[in-house]
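Biologist: Could you take me through one part of this model slowly, as you would for someone in their first year? I would like a close look at a single sheet, and then a few words on what else is worth finding on the screen.

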Amino acid sequence: MNWLPLMLLAWPLWLRQQPEQQSPIWKRRSLIVLISLLTARYLHWRITSSLNLSTHLSTGLSLLLLTAEAWLLLSGLLPLWLAWRRFPDRRSTIDQLKKQWQSSDWRPMVDILVPTYGEPLEVLERSLIACCHQNYPNHCVWVLDDSGRDEVRELALRHGCHYRHRPTRIHAKAGNLNDGLQHCSGELLAVFDADFIPQRDFLECCIGFLQDPSVGLLQTPQTFINADPVMRNLGMERWLLPDEESFYRWIEPVRDGWGAVVCAGTAFLARRSAINSVGGFKEQAISEDFVTGLRLRRKGWKLLYLQQKLSAGLAAETMADFVRQRQRWANGTLQSLRLSDGPLGPGELRFGERMAYLEGVVHWFNNMPRLVLMLMPLSYGLLGTVPILISNSEALRLLLPLWASLLLSIGWINRGSRTALLSELTGWVLTVPLTLTVFTNLMGHIGGFRVTPKHQKRNRGSFSLVLVIPLLALLLLNLVNLLGLVTTTPMDSEMLDSRPLGLTWAVINLLSLWIALRACWDPPARDPAPWQAACLPAELEDSDGQRRPCRITALSESGAELELATPLPAELKITQLRWTADLSPLPVIWERTQGNRLALRWQELSDQTRQQLILWLFCRPGCWPERQAPPEWRALIALISRLIILPSRRPFHRCLMPQTPPQ
């Protein structure tokens with residue numbers, strides 16, 4: 001047996017000793033070459049030696065499996081080879097550019113556009129408070145209200161914002177933004193979705209990059225003040241990172257290296273003349289942001305990416321909404337293939353740029369071969385057919401080196417923004433609905449724009465039957481398949497040799513389907529306010545004015561949780577909590593006690609106090625950390641331990657998102 005491929009696994013193990021962003025580029029390139037060679041070696045063997053062509057059924061299944069594997073492996077190489085080129089990290093230039101424009105006479109007027117359509121007032125108000133309290137004074141906030149609600153008008157005017165409700169609602173968000181552009185006149189414009197909260201230094205950090213007159217748009221990352229449903233429903237918010245982390249910390253920087261930055265529709269700063277030069281935001285596209293960015297590139301404008309978290313929004317709050325949001329993104333990206341402004345359309349796009357944009361389209365097609373991999377193990381136990389001829393020695397010599405190298409490399413090369421195995425396991429809940437979306441899109445049915453609901457209260461937990469039924473059907477089929485594999489004695493050598501792979505594959509499928517089902521259970525949410533993890537020294541004041549030191553462990557707009565050195569006397573009445581000079585002491589009422597831990601709710605807060613709390617919670621510069629994905633094996637153990645027990649969301653067991661401690 002040739003052990004050289006397995007010995008090559010020492011290379012990614014050695015590379016992991018130093019973070020990728022601190023490593024010379026030749027290390028990244030060496031890993032890309034290694035993975036490419038192992039992939040080519042594996043696919044050569046698959047094509048020449050592993051196809052089962054004994055019957056029509058086995059031939060069809062074997063070719064289908066080979067096609068699915070080849071598609072996933074080759075499409076996975078595309079972002080790796082795009083990463084061959086150096087890509088910039090502009091965070092180091094923020095201070096220098098800030099000093100340049102602040103020392104000049106250039107003080108551009110910035111219009112901040114906040115499109116809204118039916119979002120709860122509590123959500124919209126967070127965004128308006130943050131937009132109105134930018135450190136850069138020369139700005140104007142526009143609330144573009146497509147719902148025409150009187151309460152939104154009153155909220156906007158109360159915070160000193162301009163209010164606009166267009167008479168005819170057409171072309172969804174793009175039409176709303178274009179209508180707003182006709183009524184404001186700033187040299188620059190920033191766009192924030194109604195649930196996004198910019199930090200106070202957003203404009204200060206971004207304006208300097210538009211000193212270059214050829215720059216049309218600067219995109220910043222999206223991050224979230226709440227856990228997405230996969231993380232929350234599995235109780236894995238400490239162990240998993242949202243999908244967006246990988247996009248904004250790896251994919252978008254790689255595209256930036258090719259000049260192919262994707263406009264994400266929120267948290268960006270643009271030059272008005274650039275937007276006007278392409279006729280405004282693209283109105284015939286579901287993903288108006290993606291296509292508008294492409295139009296800007298074709299016009300010769302530079303699109304830059306600043307890898308600094310300067311704002312945060314709300315992730316989808318139920319699994320059904322999470323899936324529908326991804327389906328809308330998929331529909332919009334796939335629709336762009338039909339548009340003359342899309343990545344396949346004519347115009348001045350270099351080959352590398354076009355491939356970088358197309359990589360985002362290929363991503364959605366990957367769900368179809370993933371579904372094939374979900375279904376293919378059924379051929380062993382249910383059909384008695386082997387779709388791949390492979391012995392134990394071939395699995396060790398050809399399959400193991402490739403997949404082990406991928407498992408060891410993905411987290412490193414993605415700069416700790418995602419795990420290799422867990423990201424795939426937890427993503428299975430999306431495979432069936434996204435495959436249906438791709439099929440219907442290819443057949444010509446393109447869904448419309450739909451706002452993702454936010455800030456929802458749920459008194460009871462629930463499943464989405466649309467998601468659960470296909471997963472239950474697949475789970476049942478896989479159980480029958482596994483039973484057939486275990487109880488049936490193989491009658492030929494092909495089945496006998498392939499049985500270990502079939503059993504392993506079936507077990508992985510069952511585990512993945514169970515994870516997907518568990519992720520579909522949305523727990524009750526009686527308090528929709530997002531909670532942030534904290535470790536802050538504080539003082540608790542009682543009715544006699546006596547102060548007791550404590551440590552805050554969780555904070556939200558609705559209350560706080562804290563720990564004391566010793567339990568409080570039962571008869572003691574607490575009145576206030578203070579922890580920062582930036583915020584006046586907050587009046588509190590007792591909610592629950594557990595030993596020396598205390599859960600508190602805020603009493604009714606004045607408008608000014610609530611505004612101060614929001615600014616402190618969400619708008620402090622640098623408050624959103626760049627987390628690193630934990631070791632895969634530890635996260636996998638944590639996940640398996642949570643597959644039976646439903647996570648509690650009561651006090652002291654809340655779903656918490658981390659924040660960077662204040663300086």
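Modeller: Happily; here is a walk through the sheet, followed by some helices and a second group of strands. Please keep in mind that this is a predicted model.

Let's begin with the sheet. It is open and has seven strands, in the order β3-β2-β1-β4-β7-β6-β8, and the pairing is mixed. Look at the two ends of that order: β3 (162-164) and β8 (302-305) are the edge strands, and each has a single partner strand, so one side of each is left without a neighbour in the sheet. As you step from one strand to the next, the twist averages 20 degrees.

Now zoom in on one of those edges. Strand β6, residues 215-219, runs parallel to β8, and four bridges join the two. To find one of them, pick L217 and look across to β8, where its bridge partner is L303. A general point helps here: strands of a sheet pair through backbone hydrogen bonds, in either a parallel or an antiparallel way.

Next, move along the chain to helix α11, residues 243-257. With 15 residues at 1.5 Å a residue, α11 should span 21 Å, and its end C-alpha atoms are 21 Å apart, which agrees. Even so, α11 has a kink of about 30 degrees at I251, shortly before the proline P253. Twelve of the 15 residues of α11 are buried, so this helix is largely enclosed by the rest of the structure. Among the buried ones are Y248, R249, W250 and P253. Just after α11 comes G259, which takes a positive phi of about 75 degrees.

For a pair of helices, turn to α3 (residues 25-49) and α4 (residues 56-82). Their axes come within 11 Å and cross at roughly 165 degrees. The two helices are therefore roughly antiparallel to each other, and α3 passes α4 in a left-handed crossing.

Finally, here are some antiparallel strands to set beside the parallel pair. Strand β10 (residues 531-542) and strand β13 (residues 574-578) run antiparallel and are joined by four bridges. In this pair, L540 stands opposite L577 in β13. β13 also pairs in the antiparallel sense with strand β14 (residues 586-594), over two bridges. Follow L577 into β14 and you will meet its bridge partner there, L586. So L577 is a handy residue to click on, with L540 opposite it in one pairing and L586 as its partner in the other.

Methods: Residues numbered from 1 in each chain as written. Predicted model: local features only at pLDDT ≥ 70, side-chain atom pairs only at ≥ 80, totals over all residues. Heavy atoms only, no water. Pairing = 2+ DSSP bridges. Axes fitted to C-alpha atoms, helices over the stretch in contact; angles between N-to-C directions. Expected span 1.5 Å × (residues − 1). Bend = angle between axes of the 7 residues up to and from the residue. Buried < 20%, exposed > 50% of the residue type's maximum accessible area, 1.4 Å probe, protein only. Parallel < 35°, antiparallel > 145°, perpendicular 65-115°, else oblique. Left-handed = near helix turned anticlockwise from the far one by under 90°.
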